[in-house]
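User: I'm new to this structure and would love to learn how its labels are earned. Could you take me through a few of them?

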Amino acid sequence: VSTQSTGTIPEEPPKAEPVSEAAPENADQNVPHLTEVYISEYLCDLYLDVDKDGVTGIPKSDNGFETLWASLRATHGVSGNMIAFEVLVLENTWDSKQHNACVLRVGWSHDELDISLGENGTSWGYGGTAKKSHDNKYLNYGEKYGAGDSITCYIDLQSNEKTISFARNGKHLGVAFTLTAEQIKKPFFPSVSSKNVKFLLNFGQQPTKHPLQEGYKMIAFTPAALIHPCVAGPATLGEAEFVMMVGLPAAGKSTWCENHAAANPEKRYNILGTNLIMEKMKVTGLTRKRNYHGRWEELIQKATGVLNVLFKIVEKKLERFPRNIILDQTNVYESARRRKLRNFSKFGRKVAVVLVTTGEELNKRNAKREKEEGKFVPESAVMEMKANFRFPVTSEGLSEVQCIEMDESAAKKQIEEYQEEGKKYKSRDSRKSEGEKPRQGEKRMPE
């Protein structure tokens, strides 16, 4: 891999994810058992590439991706003993003098839906800015680190006090987190979040750069009864599910996506949309959409550019590593739906979820969103969508169509009202005459 790599997908596929052998019923929890541990290609962000060795991570760092955090989880986690893994910080993948443009965060997490590290209640991280993080709370800890350093991540699930700690270049930095009885009920998986930093994870496949603390062993040598594989994804695209949202801006699509993914954690839905991309644009836990209130148009255009590149990455990766996908966009134009569905034609189940509300309710949700998040969609763009809104049908390439909030009959009637409203708006808007440029802020919103 070139030292200047920005995340090119390897021509040869990485090693297949190993399946952990079932531990014997009478397995000795103190006898080391060799398990091949890798980066999970199923539980990592699509724009983080894994080298052919299965343990080197390379986040994409161009075309807008340099603003995003890329996260991953390992293929195996532990439920006991004193365990460690090592992270070698190789190099920065983006040449920038911006503050904290290249940062790595390492640690442990439960095998839950959200793979971001330290930003939820089920993960514990230590970042290169000398901060520890858990549940989106950031506190001073340890020392700053970067390219050339090695970080050892420890978890003690054997002593009376269960703890997570870290070491930089062999120097132990003290206890970072003390775990509760509730938290230790689930296995802990090695986890990383990276922004423009290439790294290598040593699970025990090679000697450590520095000696481990006394009593600890590398995760690959965890006793069989105490090591557990992560959740498995669809074996083939024929088993995978593609969900396409259909609805106007502010209808509630993103909220539905988040709720649906949370209600079906075993499916590990990957949500593709500008909202999720902006969630990945974080500065010490604060999303850029909150930091840049009033610059919504600039952000949405950047996020849309990232999403368009992501579609191409998805097309290349999903054949080897299938995932369940939710496409969180408006998708009200029939032509756009047909075009996008061609990229997901091999998925076994392709569902359009139509979210239509009354005009009054839509206006309320739009006003609330603009006030709370600064999101603004020009009226002309919304009216264009209304005029061209078409109810999806299976002949477009779908397996089925589902309606939420309104049944199909009511949704179709409401869409007809939207179409009429949009056409009337366009007919009396003289600025829509051919060849005249739209006013500032009145660009057609991305589909």
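User: Why is Phe85 called buried or exposed?

Analyst: Buried means under 20% relative accessible area, exposed over 50%, and partly exposed in between, with a 1.4 Å probe and protein chains only. Phe85 has 0% relative accessibility, so Phe85 counts as buried. Phe203 is buried too, with a relative accessible area of 1%. A word on the source: this is a predicted model, where local features need pLDDT of at least 70, side-chain atom pairs count only at pLDDT 80 or more, and totals for chains, interfaces and linings use all residues. Residues are numbered from 1 along each chain as its sequence is written, and side-chain values use heavy atoms, leaving out hydrogens and water.

User: What makes the rings of Phe85 and Phe203 a tilted pair?

Analyst: Rings of Phe, Tyr and Trp (its six-membered ring) pair if their centres lie within 6.5 Å; planes under 30 degrees apart count as stacked, over 60 as edge-to-face and the rest as tilted. Here the centres are 6.0 Å apart and the planes stand at 40°, so the pair is tilted.

User: And why is the pair of Tyr141 and Phe166 given its label?

Analyst: Their planes stand at 70° with the centres 6.1 Å apart, so this pair is edge-to-face. Both Tyr141 and Phe166 are buried, and they form one aromatic cluster with Tyr126 and Tyr145.

User: How do you know that the charged end of Arg105 sits over the ring of Trp69?

Analyst: The rule asks for NZ of Lys or CZ of Arg within 6 Å of the ring centre and within 35 degrees of the ring normal. Arg105 has its charged end 4.4 Å from the centre of the Trp69 ring, and is listed as sitting over it.
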